[in-house]
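Walk through the structure shown here, starting from how exposure is classed and moving on to individual helices and loops.

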Amino acid sequence: MLKVLILFLLLIAGVVLGPMLAGHQGYVLIQTDNWNIETSVTGLAIILILSLIVILVVEWVLRRLLRTGVRTRGWFMGRKRNRARKQTNAALVKLAEGDYRQVEKLLSRNADHAEQPVVNYLLAAEAAQQRGDEIRSNQHLERAAELAGSDQLPVEITRVRIQLARNEDHAARHGVDRLLEVAPRHPEVLRLAEQAYVRTGAWSALLDILPAMEKSQVSDEAHRLALQQEAWLGLMNQAMADQGSDGLKRWWQDQSRKTRNETALQVAMADHLIVCDDHETAQQIVLDGLKKAYDERLILLMPRLKTGNPEQLEKALRQQIKQHGATPLLHSTLGQLLMKHGEWEQAAEAFREALKQRPDAFDYAWLADTLDRQHKPEEAAQMRRDGLLLTLKNAP
């Protein structure tokens with residue numbers, strides 16, 4: 001711009017000085033309807049120079065005035081930003097104190113001028129929810145959504161968190177489903193999804209997010225395993241409620257071999273079938289489970305089974321005794337099975353073997369019953385006394 005100005009001045013000087021040096025001033029006529037302006041070339045050049053100077057002076061004045069306005073506006077804006085920063089810091093202190101009323105008040109005041117206005121409004125919404133003011137909470141959420149623009153993820157996460165706090169479980173479930181489409185491995189989204197799915201009984205959906213929880217390291221392995229077991233039990237309960245024993249069996253057959261080989265699921269499935277009075281299928285699941293792995297939970301189910309073929313259970317128990325030793329549980333369970341079809345002497349022997357390894361009030365009582373059946377009242381009474389003394393000894 002400066003170079004152009006210099007060239008322009010040189011051009012004017014040439015136009016003015018040229019005729020003067022040559023002795024010719026030249027003649028200029030500017031004619032309008034009512035005016036005739038006559039001047040020399042030198043005069044016209046002087047007028048143009050003066051006009052340019054006036055324009056530059058006006059421009060300089062306007063620039064100073066506008067700069068002053070910008071500085072004034074910047075001063076006011078900076079003052080508001082500083083105030084918003086101080087109020088945000090004070091709100092964080094109140095948050096640590098648990099004073100949610102002050103937290104909301106400080107965060108929402110001048111929030112538009114804060115460094116992160118969306119964060120201020122979201123925290124204010126949660127603070128309002130903590131003190132039970134749903135209207136204010138919704139207002140802060142809507143303002144945060146307006147300011148967030150295209151990045152609505154933090155707003156929607158906060159919305160779902162607030163819905164769960166209000167026990168609006170199905171609304172939270174809907175929000176979680178949308179969040180998982182956008183951020184399927186976001187840790188907080190997965191934690192909220194876990195809560196929403198457990199509360200609404202969405203067990204299949206809960207099983208679907210477990211791999212993502214593992215990859216994102218959300219909670220530990222024990223917690224994820226517990227969630228998996230809860231989901232399987234929930235699905236079993238749904239199948240049993242909808243179609244009873246037949247529905248349970250169809251659901252079980254639809255599962256993969258790996259799932260059916262899970263001991264905890266075998267125990268739960270057998271227990272559900274016993275409740276449905278399908279003892280034959282429950283017994284088969286117990287026996288199949290014991291063939292693959294020994295587990296005391298399967299052994300404990302045996303006395304509850306009522307089938308027309310208890311010999312299979314006795315055979316399986318004796319096989320387990322050979323493989324894993326004469327444990328008290330195996331002998332006690334064998335004694336209970338033998339009692340069911342009147343083999344009193346063998347049952348008594350099994351209970352005695354169990355009591356040799358550890359005293360148990362139930363085994364004393366069952367042994368006493370078998371002795372009564374064998375017409376040995378004195379010994380039966382002694383077993384009952386021993387069992388009573390053991391109970392009193394273990395009582396708090």
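A residue counts as buried if its relative accessible area is under 20%, as exposed if that area is over 50%, and as partly exposed in between. With that cut-off, D277 can be placed: its relative accessible area is 59%, so D277 is exposed. The model in which these values were computed is a predicted one.

The chain as a whole gives the setting. It contains 19 helices and two strands. Of its 396 residues, 38% are buried. Taking the contacts between residues at least 6 apart in sequence, 49% of them join residues at least 24 apart.

D277 sits in the loop between α12 (263–275) and α13. Its backbone has a positive phi of about 65°, although D277 is not a glycine. A second residue of this kind is found in another loop. H375, also not a glycine, has a positive phi of about 60°. The loop that holds H375 runs between α18 and α19 (377–394). The relative accessibility of H375 is 70%, which is over 50%, so H375 counts as exposed.

Beyond the loop of D277 comes helix α13, which covers residues 279–292 and includes H279. Is H279 buried or exposed? Its relative accessible area is 8%, which is under 20%, so H279 is buried. Leaving aside neighbours within four places in sequence, H279 is in contact with I274, R304, L305, K306 and T307. One of these residues, T307, is 28 residues from H279 along the chain, yet the C-alpha atoms of the two are separated by 6.0 Å. With K306 there is a polar approach: a polar atom of the H279 side chain lies 3.2 Å from the backbone nitrogen of K306.

Another buried residue is T158, in helix α6 (residues 153–165). T158 has a relative accessible area of 4%, and since this is under 20%, the residue is classed as buried. The side chain of T158 reaches the backbone oxygen of P154 at a distance of 2.9 Å. When neighbours within four places in sequence are left aside, the contacts of T158 are with L122, E126 and L141.

Helix α8 (residues 187–200) contains E188. The side chain of E188 is joined to that of R191 by a polar contact of 3.2 Å. Not counting residues up to four places away in sequence, E188 touches I157 and R161.

Next comes a segment that carries an annotation. An unreviewed UniProt entry lists residues 328–361 under "repeat: TPR". In the model, this span is 82% helix and 0% strand, and its end C-alpha atoms lie 13 Å apart.

Q357 belongs to helix α17 (residues 344–357). Which exposure class does Q357 fall into? Its relative accessible area is 42%, a value between the 20% and 50% limits, so Q357 is partly exposed. Not counting residues up to four places away in sequence, Q357 touches A326, T327, P328 and H331. The side chain of Q357 reaches the backbone oxygen of A326 at 2.3 Å. From C-alpha to C-alpha, Q357 and T327 are 7.8 Å apart in space, while in sequence they are 30 residues apart.

The last stop is a pair of helices. How do α16 and α18 pack, and at what angle? Helix α16 (residues 328–340) and helix α18 (residues 361–373) pack at about 35°, and their axes are 11 Å apart. The crossing of α16 past α18 is left-handed. On the α16 side the meeting residues are S332, Q336 and M339, and on the α18 side they are D363, W366, D369 and T370. By class, the residues of this contact divide into two nonpolar, three polar and two charged. M339 and W366 are the nonpolar residues, since Met and Trp count as nonpolar. D363 and D369 are the charged ones, because Asp counts as charged.

Definitions and conventions: Residues are numbered from 1 along each chain as its sequence is written. This is a predicted model: local features need pLDDT of at least 70, side-chain atom pairs count only at pLDDT 80 or more; totals for chains, interfaces and linings use all residues. Side-chain values use heavy atoms; hydrogens and water are left out. Helices (H or I, at least four residues) and strands (E, at least two) are DSSP runs, numbered from the N terminus. A polar contact is a pair of N or O atoms within 3.5 Å; within protein, one must be able to donate a hydrogen and the other to accept it, and residues adjacent in sequence count only if both atoms are side-chain atoms. Contact means heavy atoms within 4.5 Å. Axes are lines fitted to C-alpha atoms, for helices over the stretch in contact, and angles run from 0 to 180 degrees between N-to-C directions. A crossing is left-handed if the near helix is turned anticlockwise from the far one by less than a right angle, and right-handed if clockwise. Buried means under 20% relative accessible area, exposed over 50%, partly exposed in between (1.4 Å probe, protein chains only). UniProt positions are given in the numbering used here, feature names are shortened, and annotations may be inferred rather than shown by experiment.
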